[in-house]
Amino acid sequence: MPTPNQESKLDLTALMENAGAKDGILDFPSFIRFALYEPERGYYSKQRKRVGRQSQTDFYTAQSLGPVFGKLVVQSCATLLGKSNLSEYVFVEIGAEPEESLLEGTIHSFSASSTIRLGDKIQIPEKSVVFANEWLDSQPFRRFRFDKDKGWIERGLKLGKDSQLKEVDLPETGIPLPQCLQESDSQSCHNYILDLPVGANQALEELCNQPWSGLFLTFDYGLSLRQFIEERPKGIARAYHRHKLTDKLTANVGEQDLTCHVCWDMLSEILEKSGFENLFLERQESFFLKHANSVVEQIVKAKPGTFDADRQTLLELLHPGNMGSKFQAFGGVRNQST
C-alpha cells in the first residue's frame with residue numbers, strides 16, 4: 001500500500017499531466033481550470049454542497065440567505081430597465097449552485113427563466129436580463145511577479161522534490177505581457193505579486209459577443225486597475241475552505257474554492273465596447289437602496305416590534321459591516337444587440 005506521501009505525489013503528478021504541464025511547469029490559468037472545473041475532480045464539478053453556513057460547506061453568499069435577495073434583484077431589474085416591461089425578457093442566471101435558483105420563491109413577471117450552472121455552455125436569448133452572483137471571481141487568473149531589474153515576470157507552478165507544488169517564474173515564451181502591464185508606469189516594489197483576472201474578462205467578452213439585448217447585472221468583489229498594481233503587494237487570489245480564507249492556493253486541490261477579485265476598469269471597458277450604456281458600479285447597499293427601495297421599505301415596516309427573519313436578512317445584505325460594502329453591483333443596459 002502506498003504511504004500518504006506517495007499517494008499525494010501520485011495525485012499531484014497526475015494533476016500536472018492532466019492539466020497540461022510543459023517541462024514539469026504549469027501556468028496558473030491551467031491550474032485554476034483543472035482545480036475548479038476538471039470534469040471529475042474539479043471543485044465545481046463535484047456533486048456536493050459548497051454554499052451555506054453549515055460546517056461542511058466552504059462559504060456562503062447573498063443568494064444562500066433566502067428569497068430576500070431575489071426580491072431585491074427583481075425590483076432592481078425593473079427599475080434599471082425603466083419603461084420596458086419585465087415580461088419582454090428572459091431571466092438568465094449564470095453560476096447558480098445545483099438545484100438552486102435566484103427566482104425560487106420570488107414573484108416576478110419575466111417571460112421565462114434559465115439557469116446556467118458553472119461549467120455549462122452559455123447561450124443567451126435575444127432579449128434577456130443576464131444575472132450573476134459571484135461568477136466572474138471564479139474564473140482563471142494569471143499571476144505575475146515584479147522584478148526591479150527584469151520588470152513583470154509571469155509565475156507558474158512546479159512539483160518539487162518534496163511532492164509539493166511550488167511557485168516559480170515561468171520560462172520566457174515570447175508571449176507579450178498584457179497591455180495594462182506594458183503601459184503601466186509601475187512603482188511596484190521588488191517581488192510585488194499581481195493576480196490579473198484575465199478569465200473574468202474573457203468570460204464577459206464571450207457573453208457580450210452573443211447577439212442579445214437587455215440588462216447585465218452582477219454582484220461581486222473587485223478593485224480598480226491601480227489598486228491591483230499598487231495596493232496589493234501579496235496578490236489578491238485566495239482560497240476558501242470550511243469558511244476559512246487562506247492564500248494557500250495549492251492546498252486541497254479540488255476540495256477548496258479559488259477566487260480572485262475582478263478588475264472593474266477592464267470589465268467596464270468590455271461593456272462599453274460591446275454597446276452597453278448607463279453603466280453602473282455601486283456598493284451593494286447603495287444599489288439596493290436606490291433601485292429596490294420599495295422592497296426595502298416593505299421589509300423594514302413588516303411585523304413591527306417583533307423579530308422578523310426577512311428584516312434580519314436585509315440587515316445582513318445592506319449593513320456596511322456585513323455584505324453591504326464588501327460587494328459591488330455592476331452592469332449596464334444594451335438596447336440593441338451588436
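Helices (H or I, at least four residues) and strands (E, at least two) are here DSSP runs, numbered from the N terminus. On that basis the protein chain has 10 helices and 16 strands. The model is a predicted one, in which local features need pLDDT of at least 70 and side-chain atom pairs count only at pLDDT 80 or more, whereas totals for chains, interfaces and linings use all residues. Residues are numbered from 1 along each chain as its sequence is written, and side-chain values use heavy atoms, with hydrogens and water left out.

**Exercise 1. Burial and contacts across the chain**

State what percentage of the 338 residues is buried, and what percentage of the contacts with a separation of 6 or more comes from residues 24 or more positions apart.

Solution. Begin with the cut-offs: a residue is buried under 20% relative accessible area, exposed over 50% and partly exposed in between, with a 1.4 Å probe and protein chains only. By this criterion, buried residues make up 50% of the 338 residues in the protein chain. Next, take contact as heavy atoms within 4.5 Å; among contacts with a separation of 6 or more, residues 24 or more positions apart account for 70%.

**Exercise 2. Salt bridges between strands**

Determine which parts of the chain are tied together by the pair of Asp169 and Arg145, and which by the pair of Glu167 and Arg155.

Solution. Side chains of opposite charge can pair when their charged atoms come close. The criterion for a salt bridge is a side-chain nitrogen of Lys or Arg within 4 Å of a carboxyl oxygen of Asp or Glu, and the structure holds 15 of them.

Step 1: Asp169 and Arg145 form a salt bridge through their side chains, at 2.8 Å from N to O. Because Asp169 belongs to strand β7 (residues 165–169) and Arg145 to strand β5 (residues 142–147), this pair ties together parts that are 24 residues apart in sequence. Asp169 is partly exposed at 31% relative accessibility, while Arg145, at 11%, is buried.

Step 2: Glu167 and Arg155 likewise meet in a salt bridge, at 3.4 Å from N to O. The two residues are 12 apart, with Glu167 in strand β7 and Arg155 in strand β6 (residues 151–159), and the pair links distant parts of the chain. Glu167 counts as partly exposed at 32% relative accessibility, and Arg155 as buried at 13%.

Step 3: turn to the side chains of Arg283 and Glu285, which meet in a salt bridge of 2.0 Å, N to O. Arg283 is partly exposed, with 39% relative accessibility, whereas Glu285 is buried, with 11%. Elsewhere, salt bridges that share partners join Arg143, Arg145, Asp147, Arg155, Glu167, Asp169 and Asp195 into one network.

**Exercise 3. Two helix crossings**

Describe how helix α3 meets helix α8, and then how α9 meets α10.

Solution. Axes are lines fitted to C-alpha atoms, for helices over the stretch in contact, and angles run from 0 to 180 degrees between N-to-C directions.

Step 1: the axes of α3 (residues 68–81) and α8 (residues 284–291) come within 9 Å and cross at roughly 60 degrees. That makes α3 oblique to α8, since angles under 35 degrees count as roughly parallel, over 145 as roughly antiparallel, 65 to 115 as roughly perpendicular and the rest as oblique. From α3, Phe69, Leu72, Val73, Gln75, Ser76, Thr79 and Leu80 meet Gln284, Phe287, Phe288 and His291 of α8.

Step 2: for α9 (residues 293–301) and α10 (residues 309–318), the axes come within 8 Å and cross at roughly 135 degrees. This angle makes α9 oblique to α10. Val296, Ile299 and Val300 of α9 make the contact with Asp310, Arg311, Leu314 and Leu318 of α10.

**Exercise 4. Helix α5 and its surroundings**

Identify which residues of helix α5 are buried and what covers them.

Solution. In α5 (residues 198–208), the buried residues are Gly199, Ala200, Asn201, Ala203, Leu204, Leu207 and Cys208. Their cover includes β2 (90–96), β4 (127–133), β9 (213–220), β14 (262–263), α7 (264–273) and β16 (328–334). Glu269 is found in helix α7 and is partly exposed at 41% relative accessibility; the C-alpha atoms of Glu269 and Asn201, 68 residues apart along the chain, are separated by 9.7 Å.
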